[in-house]
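Please open the model in your viewer and keep the selection panel at hand. The tour below moves from one selection to the next and says what is there.

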Amino acid sequence: MTNTTSGRAPVDVNDVHRVELSIPADPQMLFLARMTAAAVAARAELNYEQVEDLRLAIDELCITLLHFGVSAGQIALLFQWDSEGTLDVVGTLVPDGEPSTNGNAPGKTGRSLSAELSQRILDSLVDDHGSDVIDGVHRAWLRVRRQELSV
Amino acid sequence: MPNDAFFEVTDSEQPGVAALDVRGEIDVATSPELQEILVELIGREPELLIVNLTDVTFIDSTGLGVLVGAVRDVRAAGGDLRLVVTEPHIIKLLELTGLDEVFSVVSNTSDAVRP
């Protein structure tokens with residue numbers, strides 16, 4: 001059985017690896033997402049610079065989700081990569097209660113500036129990224145392709 | 001390491017100069033504390049505020065946003081803010097966000113106090 005993606009050769013699903021992480025939607029917990037991102041990036045054989053880039057990109061992805069605001073809930077992260085060097089991450093915000101403003105983030109003006117910077121960072125560090133809302137569920141995702149080191 | 005960040009305000013021998021040493025990870029959890037300290041330092045109306053990021057191992061958009069707010073406030077009060085940065089990935093981050101054009105960035109504290 002194979003997965004096919006437009007423009008790419010078929011990938012054997014046995015070569016697709018998945019890691020799932022669920023953390024509280026709390027700024028204090030984002031270090032766990034960064035640690036996992038670094039570990040996954042190493043397993044996916046990304047180079048050192050890409051590992052650092054992915055740590056930051058995952059942090060920004062989680063910030064995107066936190067800015068939607070939850071009173072309590074979880075951020076669920078799904079890391080999926082294949083032997084061809086494509087790594088996809090999907091983050092989903094799973095609120096426990098009604099949406100509210102997160103009180104631990106910088107003020108509104110600082111947040112809009114940070115949001116702009118966050119977009120610039122993601123534009124620069126990953127091959128593709130985005131966010132959407134499906135049936136009221138906030139998602140953010142990104143894709144990174146492994147860069148081969150030139151010798 | 002879980003969201004460890006340390007901030008130390010250093011009294012400079014030079015009048016009008018305030019310095020802040022930052023260590024650890026500056027993210028959405030620790031940026032509010034950085035913002036508080038910078039607001040307090042800017043309230044002293046320094047001619048020059050030096051923020052030493054030499055021992056910062058990670059900074060994200062919220063940390064950068066706090067620093068951009070600080071440089072705006074310092075300059076609005078007639079002063080200036082300089083960053084001391086040596087970590088290659090932080091230099092890269094400043095470049096890719098275009099903030100290397102916003103901040104005066106130097107590689108050591110001696111250069112930071114030079115006119």
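Leaving aside its neighbours within four places in sequence, with which residues is Thr64(A) in contact? Select Thr64(A) in this predicted model, and then add Ser118(A), Ser131(A) and Ala140(A), which are the contacts that remain once those sequence neighbours are set aside. Thr64(A) belongs to helix α2 of chain A, and it counts as buried because 24 other C-beta atoms lie within 10 Å, where 20 or more are required. Add Arg139(A) as well: it is 75 residues from Thr64(A) in sequence, yet the C-alpha to C-alpha separation is 9.0 Å.

Next, widen the selection to the whole of α2(A), which lies across β4, β5 (86–95), β6 and β7 (137–145) of chain A and runs at about 165° to β7(A). Beneath this selection, colour the open sheet of 5 strands, whose order is β3-β4-β5-β7-β6 in chain A and whose pairing is antiparallel. At the edges stand β3 (17–24) and β6 (128–134) of chain A, each having a single partner strand, so that one side of each has no neighbour in the sheet. From one strand to the next, the twist averages 15°.

Now go to the edge strand β3(A), which is joined to β4 (residues 73–81) of chain A by 8 bridges, the two running antiparallel. Within this pair, select Leu21(A) and look across to Leu77(A) in β4(A), which stands opposite. Helix α1(A) packs on the sheet here, touching β3 and β4 of chain A, with a direction that makes about 170° with that of β3(A).

Zoom out to chain A as a whole, where the secondary structure comes to 3 helices and 7 strands, running β-β-β-α-α-β-β-α-β-β from the N terminus. Of its 151 residues, 35% are buried.

Finally, display both chains and select their contact, to which chain A gives 21 residues and chain B gives 20 residues. On the chain A side, α1 (30–43), α2 (48–66) and α3 (108–125) each supply at least two residues, and the largest share, 8 residues, comes from α3(A). Coloured by class, this side of chain A shows 11 nonpolar, 6 polar and 4 charged residues. For the complex, the predictor gives an ipTM of 0.90 and a pTM of 0.86. If you then colour chain B by pLDDT, its average is 91, with confidence lowest in strand β1 (residues 5–11) of chain B, at a mean of 78, and highest in strand β4 (residues 80–84) of chain B, at 97.

Technical notes
Residues numbered from 1 in each chain as written. Chains lettered and ligands numbered in written order. Predicted model: local features only at pLDDT ≥ 70, side-chain atom pairs only at ≥ 80, totals over all residues. pLDDT = per-residue confidence, 0-100. Helix = DSSP H or I, 4+ residues; strand = E, 2+ residues; numbered from the N terminus. Buried ≥ 20, exposed ≤ 12 C-beta atoms within 10 Å, placed from the backbone. Contact = placed C-beta atoms within 7 Å. Nonpolar A, V, L, I, M, F, W, Y, C, P; charged D, E, K, R; others polar. Pairing = 2+ DSSP bridges. Axes fitted to C-alpha atoms, helices over the stretch in contact; angles between N-to-C directions.
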